[in-house]
Each structure stands twice: as C-alpha cells, then as structure tokens.
Amino acid sequence: MGTPNYWDYLKINTLLTLQDGLEDESQLIPDELHFIITHQVFELWFKLALAELRHARDHLAAPEVPEEKIPYVVHHLRRVNRVLNLLVSSFEVMETLTPQDFLSFRDKLTPSSGFQSFQMRELEMIMGMQSAGRLRYGKTNALEHIRALSESSPTGAMAWGRLKKASEEQSIRSALHEWLYRTPIQGSSPDEPGDSEAVDAFLTSYIEAIDAHHTQQADRLIDIGLGNTDDIRARFANNTEQARLYLSAEDVEEEAERPRRRRIRAALVYIESYRTLPLLAWPRLLVDTMVEFEEQMVLFRTRHARMVERIIGRRVGTGGSSGVDYLDKTTRIRIFTDLWGARTLLLPKDRIPPVHNAEFYGFATE
Ligand code: HEM
C-alpha cells in the first residue's frame, strides 16, 4: 500500500461515478442530477444515523449501565439528532426543484419511491416501531411494500434480509425500558424486598399531588370567570383520571406486563421531577436527548410532507400511496410513547412529593 491520500481513502472517484440514474450521466437533465445527489446524501446520513443508534443501543442494553457510560449513550444520540436536524433543513435544497421541472422526469421513476428507502424502515425498527403500529395505505403498508418487491429484485431481497435481521435486534426503546425499569425510586430498586410497595407509595403520593394541582388550576380559571364551572371541573378531573390511568398502566393490554410498565413510568416521572439529585442528572439528559430524537423524526416527516405538498401538490405518490395525505398521517407516529406521556404529568417543584433517601442519589444530607 502506497502513501495514503484523500481520494483513495474516501473512494471519491467511485463515489462520483454513482450519479448516472437509469442511464448514462451525460443524458441526465440538470434537475435530475440534483434529485439524485440530494437523495444519495440523505441515504449516506441515514447510514451514519443507524450506526450511531446501534452504538447508543449497545451501551444502554448492558445488564448494568454504570453512570459513567450514560454520557456515551447521550453522545451517540446527539450525533443522530444533529444529523436529522441537518436533513430537516436539507429539504430546502430539494425544494429548489420546481413542480413542472419534476414532472419532466417523474414518470420515468414510477413505481420507485421513498417507500423503498429500506434504511428509513431500519431506523424505525431499531427505534422500536412494532409491525402493528405501521400505517396502512390501501391493502398494504410501507414494510410490506419492500417485502413484495424482494421477490422480484435482488436489491429488494437484500433490503428485506437487512430488515428481517434488524427486526431480531433489540430496539433502543426496549433497551431504554429495561434501563428505566431498574431506576431506583425513593432509594428502592426492583430486586429489593418491599420495592413494589415503595413504588406504589410514590405513585399514590404523586397522583394526589397532581389532583391538588389540577384543583388549584381549576379554581383559578373559575375565579377569573373563564368558562363554565362544570366544564372546567370536568376537564381537570379528566386530566387527573388520565394521569392515574397512565401511572397505573391500565392502558397496557397484557395484565402481566402492567407492574413493569408502572415501574418504568414511575421512573420517568421520578427522573424528571428530582433531576437536581446528582445521580439523576445524566439519566434526565439521556431521556431528554431521546425525546429530542423522536422530535427530530417527527420534524423530518413533517418537513418532507410540506416539501412534497409544494412540489407535487396532493397527487398520488409514485409508490402508490395517497401522497401528502399519507405522509401527514405519519407525522402522528410516536414510538417512545411513555416518554411523551410522562411530560403531561410533571408538576412544579414545590408540588412534588418529598424525596426519600436523597443520600442514595448523591445528595449530601446534614
Ligand atoms: C421531489 C422530491 C420528493 C417527492 C415529490 C417525494 C414524494 C414522496 C411521496 C409522495 C411519498 C409517499 C410514498 C409514495 O406514494 O410514493 C414519499 C415517501 C418517502 N420519501 Fe419522499 N419525496 C421526495 C424527496 C425525498 C427525499 C429527498 C427523501 C430523503 C431520503 C425522501 C424520503 C422518503 C421516505 C423515507 C418516504 C417513506 C415515508 C414513510 O412511509 O414513512 N423523499 N415521498
């Protein structure tokens, strides 16, 4: 091997030969080169995001995650977040394509479509999207779209193989849940005697605090004369009931799974509420970075949909979906539902129940 150089290390020469689309590059119209390069750049960033996400998952999935490992998880997730943020703004570059210019080569591409971005599907799987959570369009869904194509295309078969493998990996959502499950609550850990009583006592006091907070908020609105008294009371009572349902995990279908989810949700509320305890500072940052990750995914979907609306209006997509209508529905997808759910329940600092065993979390007591 000779002296290393930029072009060999980065395979620049090969990279620059990959923009010929369906024919020879000299046959491409300028807009088509723009279209190809923009997509390729997105896919390269997806590749990096997937690698970073797997690193974050591996750190988090260890049976025990020492405190000093949490910054590594945050580090990898932050990179994913910055990449997604960059992609969200990159749609501006795609948008310089005018609707009419796109029509000059769009038909040639049918039925190829972003539906075949298997890396996007892999990203969702590593995040923890379940098959049942997939949106349907017509009689199919985006994953089934790739499975069907795998029968007639070698790259499709490779893509399906990758997705099957990804579906067998542990997801970041599952690793996060296992880690959250082990969070000490009021100094108590799941393997200790009396843990479920300690968690229940914390949850009972937290629900009481929510109820008191809601009652005070309702009184205030009623005092100001903002709306009908019964309506206001009913709205807050409903919020309290929703909080109780969430914290008791009654919405979780499998009854055997409820105590576990109850503990996970209690941990989320605990970490956010007592974030000034030194041992909870990194966990809170980790949860926040995870929420930002999903926020960036939602922004990606939203920004893509707006860009599509601007370029092709509301016509049917080349992949056969309803186009913007379908894409808008995908913006409602949430995978880290428990993380979002906890945000609705947080209380002002002076309303949270007192901490027990603060010294356990590194807080010096007199
Ligand atoms: C002129 C530019 C673009 C147009 C008009 C467009 C249009 C569409 C449409 C209509 C769909 C829905 C599926 C279908 O029926 O085909 C879709 C899906 C998708 N597109 Fe685009 N797109 C464009 C650029 C991009 C770019 C630059 C990316 C970056 C990778 C991208 C990624 C995706 C992905 C991942 C999906 C699947 C969405 C899902 O099922 O969640 N698209 N696109």
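Here are some short exercises on this structure, which is a predicted model, each with a worked solution.

**Exercise 1: Getting an overview**

Find out how many helices and strands the chain has, and what share of its residues count as buried.

*Solution.* Start with the secondary structure: the chain holds 15 helices and two strands. Next, look at burial: of the 366 residues, 24% count as buried. For the overall extent, the C-alpha atoms fill a box of roughly 75 × 60 × 35 Å along the principal axes. Finally, turn to the contacts with a separation of 6 or more: 71% of them join residues 24 or more positions apart.

**Exercise 2: The shell around the ligand**

Work out which residues come nearest to the ligand and which helices supply the shell.

*Solution.* Begin with the residues themselves. There are 25 around the ligand, and Ser113, Gly114, Gly317, Gly319 and Ser321 come nearest. Now go to the helices: helix 3 (30–60), helix 13 (278–312) and helix 14 (324–330) each supply at least two residues of the shell. Helix 13 gives the most, with four residues. To finish, sort the shell by character: it divides into twelve nonpolar residues, 13 polar ones and no charged ones.

**Exercise 3: Checking the length of helix 4**

Compare the expected span of helix 4 with the distance between its end C-alpha atoms, then say where the helix bends.

*Solution.* Helix 4 covers residues 70–94, which makes 25 residues. At 1.5 Å a residue, the span should therefore be 36 Å. The end C-alpha atoms are 36 Å apart, so the two values agree. Along the way, helix 4 bends by about 25 degrees at Val88. As for its surroundings, the buried residues of helix 4 are Val73, Val74, His76, Leu77, Val80, Asn81 and Leu84, and they pack against helix 3 and helix 13.

**Exercise 4: One face of helix 9**

Decide how the buried residues of helix 9 are arranged around its axis, and find their packing partners.

*Solution.* First list the buried residues of helix 9 (residues 172–181): Ile172, Arg173, Ala175, Leu176, Trp179 and Leu180. Then look down the helix axis: these buried residues fall within an arc of 165 degrees, so they line one face of helix 9. Lastly, find the partners: the buried residues of helix 9 pack against helix 3, helix 6 (118–127), helix 12 (258–273) and helix 13.

**Exercise 5: Helix 10 and what follows**

Describe the span of helix 10, its buried residues and the residue just after its end.

*Solution.* Helix 10 has 30 residues and reaches 44 Å from its first C-alpha to its last, close to the 44 Å expected. Its buried residues are Ala198, Val199, Phe202, Leu203, Tyr206 and Ile210. They pack against helix 11 (229–248) and helix 12. Just after helix 10 comes Gly225, with a positive phi of about 85 degrees.

**Exercise 6: Unusual backbone angles**

Which peptide bond is cis, and are Lys11 and Gln186 buried or exposed?

*Solution.* Keep the general rule in mind: most residues other than glycine have a negative phi, and most peptide bonds are trans. The bond from Thr110 to Pro111 is cis, with omega near 0 degrees. Pro111 sits in the loop between helix 5 (99–109) and helix 6.

Now take Lys11, in the loop between helix 1 (6–9) and helix 2 (12–15). Its phi is positive, near 50 degrees. Lys11 has 11 C-beta neighbours inside 10 Å, so Lys11 counts as exposed.

Gln186 lies in the loop between helix 9 and helix 10 (195–224). Gln186 also has a positive phi, of about 50 degrees. With 21 other C-beta atoms within 10 Å, however, Gln186 is buried.

**Exercise 7: Sequence distance and space**

Find how far apart Lys165 and Glu122 are, and do likewise for Leu143 and Phe236.

*Solution.* Lys165 lies in helix 8 (residues 154–168). Lys165 and Glu122 are 43 residues apart in sequence, and their C-alpha atoms are 9.4 Å apart in space. Lys165 counts as exposed, because it has 11 C-beta neighbours inside 10 Å.

Leu143 belongs to helix 7 (residues 142–150). Leu143 and Phe236 are 93 residues apart along the chain, with 40 Å between their C-alpha atoms. Leu143 has 19 other C-beta atoms within 10 Å, so Leu143 is partly exposed. Leaving aside neighbours within four places in sequence, Leu143 is in contact with Arg121, Ser131 and Arg134.

How values were computed: Residues are numbered from 1 along each chain as its sequence is written. This is a predicted model: local features need pLDDT of at least 70, side-chain atom pairs count only at pLDDT 80 or more; totals for chains, interfaces and linings use all residues. A residue is near a molecule or strand if its C-beta atom, placed from the backbone, lies within 6 Å of it. Ala, Val, Leu, Ile, Met, Phe, Trp, Tyr, Cys and Pro count as nonpolar, Asp, Glu, Lys and Arg as charged, and the others, Gly among them, as polar. The expected span of a helix is 1.5 Å times one less than its number of residues. The bend at a residue is the angle between axes fitted to the seven residues ending there and the seven starting there. A residue is buried if 20 or more other C-beta atoms lie within 10 Å of its own, exposed if 12 or fewer, and partly exposed in between; C-beta atoms are placed from the backbone. Two residues are in contact if their C-beta atoms, placed from the backbone, lie within 7 Å. The arc is that of the directions from the helix axis to the C-beta atoms.
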